[in-house]
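Here's a walk through the model, one neighbourhood at a time. Keep the structure open alongside and click through as you read.

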Amino acid sequence: MKTSSTSKLRQAADTYRTILDALEEWVVVVDHNARIFFLNRPYARFLGVNADDVKGKKVTDVIENTRMHITIEKGVAERLSIQKIRGSNMIASRFPITDQGKVIGAVGTVIFHDTYEWKRINSHIKALLAEHEFRAQDKNTPELPTSSHYRLADIVGDSKAIKELNQTITQVASGDVTVLLRGESGTGKELYAHAIHQLSERADAPFIKVNCAAIPENLLESELFGYEEGAFTGAKKGGKAGKFQLAHGGTLFLDEIGDLPLSMQAKLLRVLQEREVEAVGSTSPSPVNIRLITATHRPLETLIKEGKFREDLYYRINVVNVSLPPLRERQEDIAKLAEHFLQALSRRTGRRAPKLTAQAMTALLEYHWPGNIRELENIMEAAFFTAQDRKIPLPLLPSNVRNHAQLESSVEQSNDSATTSVYTTTGTLKEQMDRAEKTAIKQALSQAFGNRTLAAKQLGISKSTLYEKLSKHQLA
């Protein structure tokens, strides 16, 4: 029996040796005596041994904290358990190999080479599940109240900039690393702070938001750190917990941190360094365990030079710096965002959503959006409630959007006139062709409501070619 079992193991190992050596996962196979029968090359390199030299050795002598021998004794699989090897926590699985009901060996795998890798993959899985749930859920079903309301799946956009940003957020969410979100007002910094919390290991713990610009300076300390009973006139009986205490075990989001007064910056820095807070009126500090996310639209580097922001605090909060793109740099998302806001209003009011006319959509695509997504949302809300015949024509849009569109239109008409006369007066053939190409691309984008895939199809070119031409004509 033993000879037959050994022969079967050898045959299997020889058959799959090349495949197993090519895997990033680490694989070990042992016989019925828990002696190593096969160790793939990646695992051997990590252990610092030669795969051929350890054949026949007891697995317990080669791999620390292994449970392969226990798997053989009990004949029971162990899935995704933590195993510490060479100072790192790995995620390992072990499976018995049976033949005619008898255990003849076992195979072990290490899929995640440290717990950080496991957490990162876990965040990625959470993002995929959230996106699936978002698409499958009944929009009329009310959500249960939670401390954090937004998920990555709630973020609308298919542009390259948003896809890259979402990938970055998924990567950094898994750890407890401090994140600084930077971007213009209205770009969605708070939404991304919520998403990071939802994807993290702290998702079931509190998410506490503080707008540093909205709280009067004389109240900031008590709001952040809390106060004891009798700490000052008007203090509540029994005192009050601060935002740091409320966020214990979870995430604290400090929005508009660039507006934090210098006096509070010093106290915040001490809390972040010591990981403990002292409530106003208290004589003893209490430890806090929080994950910190901050956000600002202000140029912190300039504020440091002007003496308005502490450099040491800047380095404390600027561990991972994530920049959010303005709406004007993700033009292909405008049509989808506009439709998203109209449909959300429709669900809220029970009224059918009106449609933007081609002229109105063109105006939205050509506008420079200083207020970003928040400005677009406000414009869509105003248009939704003033629209008639289920249409949103150009006159229903604000004058600044209309005027910008009219200015662009007059420039285009001027260019068109120049193009018409250029054949007999000015410009080389290449210049004339470039102008015509730019006009054709803008018209295709307008007709496709900003959808670049559809625009490329209309123009009869590939999407990659369209992107090249958008960059060439500075339309990206």
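Let's begin with Glu 78, which counts as buried because its relative accessibility is 17%, and the cut-off for buried is under 20%. Its salt-bridge partner is Arg 67, with the closest N and O atoms 2.6 Å apart. Glu 78 sits in strand β3 (residues 78–85) while Arg 67 is in the loop between α3 (59–62) and α4 (68–74), so this pair ties together parts that are 11 residues apart in sequence. Arg 67 has 31% relative accessibility and therefore counts as partly exposed. There is a third member here too: Arg 94 joins Arg 67 and Glu 78 in a network of salt bridges.

Bear in mind that this is a predicted model.

**Other salt bridges**

How many salt bridges does the structure hold? The count is 17. Here are some of them, with the N-to-O distance for each.

| Pair | N to O distance |
|---|---|
| Arg 67 and Glu 78 | 2.6 Å |
| Arg 330 and Asp 333 | 2.9 Å |
| Glu 306 and Lys 308 | 3.5 Å |

The burial of these pairs is worth a look. Asp 333 and Arg 330 are both buried. Lys 308, on the other hand, counts as partly exposed at 46% relative accessibility, and Glu 306 is also partly exposed, at 46%.

**The chain as a whole**

Zooming out, the protein chain has 19 helices and 14 strands. It runs to 476 residues, of which 42% count as buried. About 25100 Å² of the chain is exposed, and carbon and sulfur atoms supply 50% of that area. As for how the chain folds back on itself, take the contacts with a separation of 6 or more: 64% of them are between residues 24 or more positions apart.

Val 110 gives you a local view of such contacts. You'll find Val 110 in strand β5 (residues 102–112), and it counts as buried because its relative accessibility is just 2%. Setting aside neighbours within four places in sequence, Val 110 touches Glu 25, Trp 26, Tyr 43, Met 90, Ile 91 and Ala 92. Take Met 90 from that list: it is 20 residues from Val 110 in sequence, and their C-alpha atoms are 6.8 Å apart.

**The five-stranded sheet**

Now for a sheet. In what order do the strands of the five-stranded open sheet run? Reading across, you get β7-β8-β11-β6-β12, with parallel pairing. At the edges are β7 (207–211) and β12 (320–323), each of which pairs on one side only. From one strand to the next, the twist averages 20 degrees. As a reminder, strands of a sheet pair through backbone hydrogen bonds, either parallel or antiparallel.

Strand β8 (residues 251–255) is a good one to inspect. All five of its five residues are buried, so the strand is largely enclosed by the rest of the structure. Thr 251, Phe 253 and Asp 255 point one way, Leu 252 and Leu 254 point the other way, and all are buried. On one pairing, β8 runs parallel to β7 over five bridges, and Asp 255 of β8 stands opposite Asn 211. In the other, four bridges join β8 to β11, again in parallel, with Phe 253 partnered by Ile 293 in β11.

Going on across the sheet, β11 (residues 291–296) also pairs with β6 (residues 179–182), in the parallel sense and over four bridges. Here Arg 182 stands opposite Thr 296 in β11. Helix α6 (residues 160–173) lies across β6, β11 and β12, and it runs at about 155 degrees to β12.

**Helix α13**

Last stop: helix α13 (residues 334–349). Its 16 residues span 23 Å from first C-alpha to last, close to the 22 Å expected at 1.5 Å a residue. Which residues of α13 are buried? They are Ile 334, Ala 335, Leu 337, Ala 338, Phe 341, Leu 342, Leu 345 and Ser 346. The cover over these buried residues includes β13 (355–356), α14 (358–366), α15 (372–386) and β14 (391–392). Just after the helix comes Gly 350, which takes a positive phi of about 80 degrees.

Definitions and conventions. Residues numbered from 1 in each chain as written. Predicted model: local features only at pLDDT ≥ 70, side-chain atom pairs only at ≥ 80, totals over all residues. Heavy atoms only, no water. Helix = DSSP H or I, 4+ residues; strand = E, 2+ residues; numbered from the N terminus. Expected span 1.5 Å × (residues − 1). Buried < 20%, exposed > 50% of the residue type's maximum accessible area, 1.4 Å probe, protein only. Contact = heavy atoms within 4.5 Å. Salt bridge = Lys/Arg side-chain N within 4 Å of Asp/Glu carboxyl O. Pairing = 2+ DSSP bridges. Axes fitted to C-alpha atoms, helices over the stretch in contact; angles between N-to-C directions. Areas by Shrake-Rupley, 256 points an atom, 1.4 Å probe, with all protein chains shown as cover.
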